Amino acid sequence: QTIHLKDYRAPDYLIDETHLTFELFEDHTLVHAQLVMRRNPAAGDGLPPLVLDGQQLELLDLHLDDVPLAAGDYQLTDSHLSLQPTQARFVIDSTVRIHPESNTALEGLYKSGGMFCTQCEAEGFRKITFYLDRPDVMSVFTTTLSADKQAYPILLSNGNPIASGEEEDGRHWATWQDPFKKPAYLFALVAGDLWCIEDSFRTLSGRDVALRIYVEPENIGKLQHAMDSLKKSMKWDEEVYGREYDLDIFMIVAVNDFNMGAMENKGLNIFNSSCVLAHPDTATDAAHQRVEAVVAHEYFHNWSGNRVTCRDWFQLSLKEGFTVFRDAEFSADMNSRTVKRIEDVAFLRTHQFAEDAGPMAHPVRPDSYMEISNFYTLTIYEKGAEVLRMIHTLLGAEAFRKGSDLYFERHDGQAVTCDDFVQAMEDASGQDLTQFKRWYTQSGTPRLAVEDCYDAHAKTYTLTFRQSCPATPGQERKEPFVIPVAMGLLDSHGRELPLRLAGEAETAGTSRVLAVTEAVQSFTFVEVPVQPLPSLLRGFSAPVKLHYPYGRDQLMFLMQHDSDGFNRWEAGQQLAVQVLQALVEQQQRGEPLHLDGRLIEALRAVLADETLDQAMVAEMLSLPAEAYLAELSEMADVDAIHIAREFAREAIARELFDLLWARYQRCREASRSTPYAADAAQIARRSLQNIALSYLMLARSEEALDVCVEQFEHADNMTERLAALAVLVNSPFDADKANALAKFAEHFKDDALVMDQWFAVQAACSLPGGLERVQALMHHGAFTLKNPNKVRALIGAFANQNHVNFHRIDGAGYRFLADQVIALNALNPQIASRQLTPLTRWRKFDQTRQVLMRAELERILASGELSGDVYEVLSKSLA
Ligand code: ARG
Ligand code: ZN
């Protein structure tokens, strides 16, 4: 069943107060809900039937205004409870029995290990009690939990604790009250045997907020990084957005079984433990940065999401796109801005562009969906963040801040739309964003082709932009977007030329933003003394596919001279893409491979330049991923791409061995002599060291093996240890590999998150036999389909990062994934649906593979009772 944005109607009834009581037992839970309700004056006259959402609830008792209702007084289906109110104000009391102990979908109330926890976004609350489970129904919540005191000494919910006590039978209870109105999706409770670390934060206006992070006792030593990140986030949101925290206490709880990264429940964020726990011994630098980013993201939701929330789920990007933009800027301020941008753009172009080109493509504000859980996508999150970044670019930082201030002030306590957000930006800046809003309604990745023309006589230089956007499901034709193109012009010495458009009185610096608004549009610069080389889309100022016919020498020139760090990297990537695509074509024609030596020379210059940031050197040395090369191809030849890329890597390793070796040794030496810190300088050094090591090992020499084993054995941190393990796993040194894997597993067998890394490293190994290795690991004692992190680490890493093995020409990889999706469908529909993604991309591949992939999609479709999540993805992929 499809739900459409155009069918939105305000709720018939409102819930002013919600009083919940949970009695938690080992074999069931009783939920009593008292809802203080009234007719919504904005929704019309009369008293329509009240239709409450509710799924998998065993109704034990129902009262309307203290009068017990008999079976004939209400209607109950498997998704709704309806009854007829007799006055405009009334109170509903219900008691239901639910079974968190057997909830494997991890939605609603469930058990993760020994603790009870909740995940209500988007529509999980209806699995807890009968309710108006929609974000535009906002209520004040009071929650009482009771449970066995010994097993569940900690009882938490949203807001502030207001009462607690003991019962005779070894049970205890606690009551929490959240003074802020919120939709049900922000409700949370936790009960368990948890320890916490505690700190405090003094807000801008001088209030002290207690900060607590809860975790199972064995992980108590891995919380400091998350706490530091939280305090930095609170300060940053005050400084950059003027947003202060509003309750007396802010809590984070780490749980092991969690479908997504984390959840911003009011005052009680619940996190996948992979996004909270960090310790140098067990978490990589990347994991540390992820913790910092996710802690910030969830904290920032307190304003962009909670205080101002979404009217309906079509507006999801209102909070997610904005909050991703906010957390990205936070991370850029805490670490290297350029490196953060490079990582985000590489991710967007590889994965979101593929989504935009696939059967599930949808606008940032979708028009329809079947299952909202399927719309927590890269388009809503990452492209949504790019849309916010473009508004920021077009308005400038100051007007953007005025706009966000106005938005928060105007809509505090409300459930609003993306239009309301844009309206605030327009009102505060005086700019008209009508056309810009097409970014919210049109799906697909625009293509922007650029031509240029220099008139040496007139000293004018003209850039002509042509934009287009491919058809996407339900959208044949697109209107032109507003595309902000940040750019500059370089002369032949690499100097930046002053920029002045025809008709302008003065030059406006050497870098500026052109707003391309038409299908074809030209910009003419005057007083341009020489033929310039353009640097376009600086900082990736718009999520488009840019085409300018750069020659390889020009790209090498930009790599060295562009004043924009992002574009220096981008020039290197484009050079590598061109060189790799040429190799792919040679391979497809059956010719011997010949690598353009300019790629080597460009990387030699990068490696030899001691003044460059080491993180930038590492980024420049990283060739475009196979998945990105696949995304760029009309038809992805996975084998040729793999062969071409490996050929290039081996050539780089061979030609630059001495430089790589020297750089590696110096980095490793610095590591040995300095205690680990997850700071920007050290992270940069380790990333350079580890990519250097991966090249050195391609030489397959004993001396390289020795340094790799040394690093694996003696590193004092997981970043170096895991990188060495990954390199060994991908090497031909079978004995050393087996030895390292066994040692690692023995040492970390009790640490679930580290074992996830151990699975993932093996699942991503592209050497022959990948499927068999993954199948064997499915039987490993530490693996279980019930834990989403394990599924992602083994099945997800295999299907998404191990192209040559997953796309085996006999279809065995596809069959394996389909089998897992069928099994997961019965356990956890959200995870099943996510794992399906690689099969939905069947149109990208050759005829043989297309047939095989489709056959597996059909097989899943015919496999029995399917969840709505899996059904939606299957039906759209096969359409
Ligand atoms: N709002 C959460 C976040 O991005 C994600 C919750 C996703 N939940 C889901 N069922 N898909 O911070
Ligand atoms: Zn979010």
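## Sheet, helix and ligand shell in a predicted model

Strands E12 (residues 139–148) and E15 (residues 171–182) run antiparallel and are joined by 9 bridges. Opposite Ser139 stands Lys182 in E15. The model is a predicted one.

**The sheet**

E12 and E15 belong to an open sheet of 8 strands, ordered E6-E5-E9-E3-E2-E12-E15-E14, with mixed pairing. Strand E6 (67–68) and strand E14 (160–166) stand at the edges; each has a single partner strand, so one side of each lacks a neighbour in the sheet. Strands of a sheet pair through backbone hydrogen bonds, in a parallel or an antiparallel sense.

Three pairings can be set side by side.

| Strand pair | Sense | Bridges | Opposed residues |
|---|---|---|---|
| E2 (residues 13–24) and E3 (residues 29–39) | antiparallel | 11 bridges | Tyr13 and Arg39 |
| E3 and E9 (residues 89–98) | antiparallel | 10 bridges | Gln34 and Asp93 |
| E12 (residues 139–148) and E15 (residues 171–182) | antiparallel | 9 bridges | Ser139 and Lys182 |

E2 and E3 are also linked directly: a hairpin of 4 residues joins them.

**The shell around ligand 1**

Which residues surround ligand 1? They are Glu121, Ala122, Asn259, Met260, Ala262, Met263, Glu264, His297, Glu298, Glu320, Ser373 and Tyr376. By type, the shell divides into 5 nonpolar, 3 polar and 4 charged residues. Strand E20 (262–263) and helix H2 (285–300) each contribute at least two residues to it.

Two shell members, Glu121 and Ala122, share a cis peptide bond, with omega near 0°. Ala122 sits in the loop between strand E11 (115–119) and E12. Most peptide bonds are trans, and most residues other than glycine have a negative phi.

**Positive phi in two loops**

Asp66 has a positive phi, near 70°, and is not a glycine. Its loop runs between strand E5 (58–64) and E6. Is Asp66 buried or exposed? Asp66 counts as exposed, because it has 7 C-beta neighbours inside 10 Å.

Glu527 also departs from negative phi: its value is about 55°, and it is not a glycine. Glu527 lies in the loop between strand E29 (520–525) and strand E30 (533–536). With 14 other C-beta atoms within 10 Å, Glu527 is partly exposed.

**Helix H5**

Helix H5 covers residues 378–395, 18 residues in total. From first C-alpha to last, H5 reaches 25 Å, close to the 26 Å expected at 1.5 Å a residue. H5 has a kink of about 25°, centred on Gly384. H5 is mostly covered, with 14 of its 18 residues buried.

Leu395 is part of H5. Why does Leu395 count as buried? Because 20 other C-beta atoms lie within 10 Å of its own, and 20 or more is the cut-off for a buried residue. The C-alpha atoms of Leu395 and Ser102 are 51 Å apart, with these positions 293 residues apart along the chain. Just after H5 comes Gly396, with a positive phi of about 90°.

**Two annotated spans**

An unreviewed UniProt entry places "domain: Peptidase M1 membrane alanine aminopeptidase" at residues 226–439. In the model, residues 226–439 are 55% helix and 9% strand, and their end C-alpha atoms lie 34 Å apart.

The feature "domain: Peptidase M1 alanyl aminopeptidase C-terminal" is placed by UniProt, in an unreviewed entry, at residues 553–879. Residues 553–879 are 74% helix and 0% strand, and their end C-alpha atoms are 45 Å apart.

How values were computed: Residues are numbered from 1 along each chain as its sequence is written. Chains are lettered from A and ligands numbered from 1 in the order in which they are written. This is a predicted model: local features need pLDDT of at least 70, side-chain atom pairs count only at pLDDT 80 or more; totals for chains, interfaces and linings use all residues. A residue is near a molecule or strand if its C-beta atom, placed from the backbone, lies within 6 Å of it. Ala, Val, Leu, Ile, Met, Phe, Trp, Tyr, Cys and Pro count as nonpolar, Asp, Glu, Lys and Arg as charged, and the others, Gly among them, as polar. UniProt positions are given in the numbering used here, feature names are shortened, and annotations may be inferred rather than shown by experiment. The expected span of a helix is 1.5 Å times one less than its number of residues. The bend at a residue is the angle between axes fitted to the seven residues ending there and the seven starting there. A residue is buried if 20 or more other C-beta atoms lie within 10 Å of its own, exposed if 12 or fewer, and partly exposed in between; C-beta atoms are placed from the backbone. Two strands pair if DSSP finds at least two bridges between them.
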